[in-house]
Amino acid sequence: MQFSRLLTAVMLGAVLTGCGGAGAAVPAATVTTPQPAPLTGDAGDGPAESGGPAAERKSLPDVVGMNLQLGQDTMQAAGFYILDDQDSTGQGRLQIFDRNWVITEQDPAAGRKVATDTPVTLYAKKYGE
């Protein structure tokens with residue numbers, strides 16, 4: 001009979017412990033979301049002043065006349081990864097198949113020495129236009 005009482009007491013204790021017991025406080029979870037550092041500075045004149053190490057400065061390659069895919073690959077090989085593609089005809093079309101587009105202009109211009117975190121815009125139109 002004592003074993004039965006002991007087993008009942010242990011099970012009751014386990015149930016109360018698993019449920020938090022009477023009056024037990026459950027700690028609240030705190031969730032924090034990291035906020036990106038604000039970007040400042042002129043994108044064409046150097047790296048953003050974010051407190052981190054300065055981006056390396058390199059000369060922009062000339063990609064005018066290349067198909068858009070090769071131009072993007074050339075920019076990335078030179079260390080420029082912030083690329084924006086625009087329709088140079090002003091029609092606002094998206095370049096779905098980059099190899100069907102030829103680069104007509106780039107901004108900043110080729111040969112200019114800028115930070116590798118400088119945004120580069122490649123203006124392109126479809127071949128034959």
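Visitor: What makes a residue count as being in contact with Trp101, and which residues does that give, leaving aside its neighbours within four places in sequence?

Guide: Contact requires heavy atoms within 4.5 Å, and in this predicted model Trp101 meets that condition with Met66, Asn67, Leu68, Asp87, Arg93, Leu94, Gln95, Ile96, Ala124, Lys125, Lys126 and Tyr127. One of these partners, Lys125, is 24 residues from Trp101 in sequence, while the two C-alpha atoms are 5.3 Å apart in space.

Visitor: Why is Trp101 called buried or exposed?

Guide: The relative accessibility of Trp101 is 2%, and the cut-off for a buried residue is under 20%, so Trp101 counts as buried. Trp101 is found in strand S3, and the residue also belongs to the largest nonpolar core.

Visitor: How do you know that S3 and S5 pair, and in which direction do they run?

Guide: Pairing asks for at least two bridges between two strands; S3 and strand S5, residues 120-126, are joined by 6 bridges and run antiparallel, so they are called a pair. Among the partners across these two strands, Gln106 has Leu122 of S5 as its bridge partner, and Glu105 has Tyr123 of S5.

Visitor: What makes S2 and S5 a pair as well?

Guide: The same test applies, with at least two bridges needed: 5 bridges join S2 to S5, and these strands run parallel. Within S5, Val120 is the residue that stands opposite Leu83.

Visitor: Why is the pairing of the sheet called mixed, and what is the order of its strands?

Guide: The open sheet has 3 strands in the order S2-S5-S3, with mixed pairing; S2 and S5 run parallel, whereas S3 and S5 run antiparallel. Strand S2 (83-87) and strand S3 (101-107) each have a single partner strand, so they stand at the edges, and one side of each is left without a neighbour in the sheet. From one strand to the next, the twist averages 30°.

Visitor: Which helix packs on the sheet, and which strands does it touch?

Guide: Helix H2, made up of residues 68-77, packs on the sheet and touches S2, S3 and S5, with its direction making about 165° with that of S5.

Visitor: Why is Val120 called buried or exposed, and what is it in contact with?

Guide: Val120, placed in strand S5, has a relative accessible area of 1%, and because the cut-off is under 20%, the residue is buried. Leaving aside its neighbours within four places in sequence, Val120 is in contact with Leu60, Met75, Phe80, Ile82, Leu83, Asp84, Asp107 and Pro108. Of these, Ile82 is 38 residues away from Val120 in sequence and 6.2 Å away in space, C-alpha to C-alpha.

Visitor: What makes a set of residues a nonpolar core, and which residues form the largest one?

Guide: The members have to be buried nonpolar residues joined through side-chain atoms within 4.5 Å, and the largest such core has 12 residues: Leu60, Val63, Leu68, Met75, Ala78, Phe80, Trp101, Ile103, Val114, Val120, Leu122 and Ala124. H2, S3 and S5 each supply at least two residues of this core, and S5 gives the most, with 3 residues.

Visitor: How many of the residues of the whole protein chain count as buried, as a percentage?

Guide: Of its 129 residues, 23% count as buried. The chain has 2 helices and 5 strands, which run α-β-α-β-β-β-β from the N terminus on. Among contacts between residues at least 6 apart in sequence, 65% join residues at least 24 apart.

Methods: Residues are numbered from 1 along each chain as its sequence is written. This is a predicted model: local features need pLDDT of at least 70, side-chain atom pairs count only at pLDDT 80 or more; totals for chains, interfaces and linings use all residues. Side-chain values use heavy atoms; hydrogens and water are left out. Helices (H or I, at least four residues) and strands (E, at least two) are DSSP runs, numbered from the N terminus. Axes are lines fitted to C-alpha atoms, for helices over the stretch in contact, and angles run from 0 to 180 degrees between N-to-C directions. Buried means under 20% relative accessible area, exposed over 50%, partly exposed in between (1.4 Å probe, protein chains only).
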